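Student: I would like to learn how the words used for a structure follow from their cut-offs. Could we go through some of them one by one?

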Amino acid sequence: MEQKQIQPPSNAFIAASWCALFIGFIAFIIGLWNASMQLNEKGYYFTVLMFGLFAAISVQKAVRDQLEGIPVTSLYYGIAWFSTLLAIVLLTVGLWNADLERSEKGFYAMSFLLSLFAAIAVQKNTRDMKASKSTEQPF
C-alpha cells in the first residue's frame, strides 16, 4: 500500500495563522482590560473566548480525523460542534445584552471570530507538519 505524501504548509501560511491567532486573542484581551465593565463581566467574556478556542480546535480535530479514517464517535463529533456553536451563541447573547457601544460589540465579535478561525488554522498547520514529517522517505 502506497502512503500518501502530505505536503507541509508554507512558512507564510504558518506565520499568518499564528499572527492572526495572536492578534485576535491579544486584541480581545486588551479590549477586556480597557473595558468599563465589572470584573465578573470581563470573566464571562474571557471564559467564552477560551471555551470557543478549545471547541474550535476540537471541531478541526474531529473533522480531520474523520477525513483520514480515524474513528471519531458521534458523541464527540456532536459535542465539538455543539460547543463551538454554543460559544458563538454565548458571545452573541452577552454582547446583545451588554451596555456597550455598537462599535465595541463589533470589535469583540470580530476579534473573537478571528481567534476561532486562526486557532483552527494553527491546529491544521500543526497536524500537517507532523504528518508531513512522518511520511518523508529517508534517502
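Tutor: Let us begin with a definition: buried means under 20% relative accessible area, exposed means over 50%, and partly exposed is in between, with a 1.4 Å probe and protein chains only. This is a predicted model, in which local features need pLDDT of at least 70 and side-chain atom pairs count only at pLDDT 80 or more, while totals for chains, interfaces and linings use all residues. Residues are numbered from 1 along each chain as its sequence is written, and side-chain values use heavy atoms, with hydrogens and water left out.

Student: What makes Ser17 buried?

Tutor: Ser17 has a relative accessible area of 4%, and the limit for buried is under 20%, so Ser17 is called buried. Ser17 sits in helix α1, where the buried residues also include Ile14, Leu21 and Phe28. Leaving aside residues up to four places away in sequence, Ser17 touches Ala118, Ala121, Val122 and Asn125, where contact means heavy atoms within 4.5 Å. The cover over the buried residues of α1 includes α2 (39-67), α3 (74-97) and α4 (102-134).

Student: Why is Gly43 called partly exposed?

Tutor: The relative accessible area of Gly43 is 32%, and partly exposed lies between the limits of 20% and 50%, so Gly43 is partly exposed. Gly43 belongs to helix α2; Gly43 and Leu32 are eleven residues apart in sequence and 8.9 Å apart in space, C-alpha to C-alpha.

Student: How many helices and strands are there in the chain?

Tutor: The chain has four helices and zero strands, counted as DSSP runs numbered from the N terminus (H or I of at least four residues for helices, E of at least two for strands). Its pattern along the sequence is α-α-α-α.

Student: How do you know that the span of α1 agrees with what is expected?

Tutor: The expected span of a helix is 1.5 Å times one less than its number of residues. For the 24 residues of α1 (residues 11-34) this should give 34 Å, and the end C-alpha atoms are 34 Å apart, so the two agree. The 29 residues of α2 should span 42 Å, and because its end C-alpha atoms are 42 Å apart, α2 agrees as well.

Student: What makes α2 oblique to α4?

Tutor: Axes are lines fitted to C-alpha atoms, for helices over the stretch in contact, and angles run from 0 to 180 degrees between N-to-C directions. The axes of α2 and α4 come within 9 Å and cross at roughly 40°. That makes α2 oblique to α4, because angles under 35 degrees count as roughly parallel, over 145 as roughly antiparallel, 65 to 115 as roughly perpendicular and the rest as oblique. Among the residues that meet there are Val48, Leu49 and Gly52 in α2, and Phe112, Ser115 and Leu116 in α4.

Student: The structure holds six aromatic pairs. Why is the pair of Tyr45 and Tyr108 called stacked?

Tutor: Rings of Phe, Tyr and Trp (its six-membered ring) pair if their centres lie within 6.5 Å, and planes under 30 degrees apart count as stacked, over 60 as edge-to-face and the rest as tilted. The ring centres of Tyr45 and Tyr108 are 6.1 Å apart and their planes are at 10°, so this pair is stacked. Tyr45 lies in helix α2 and Tyr108 in helix α4, so the pair ties together parts that are 63 residues apart in sequence. Both Tyr45 and Tyr108 are buried.
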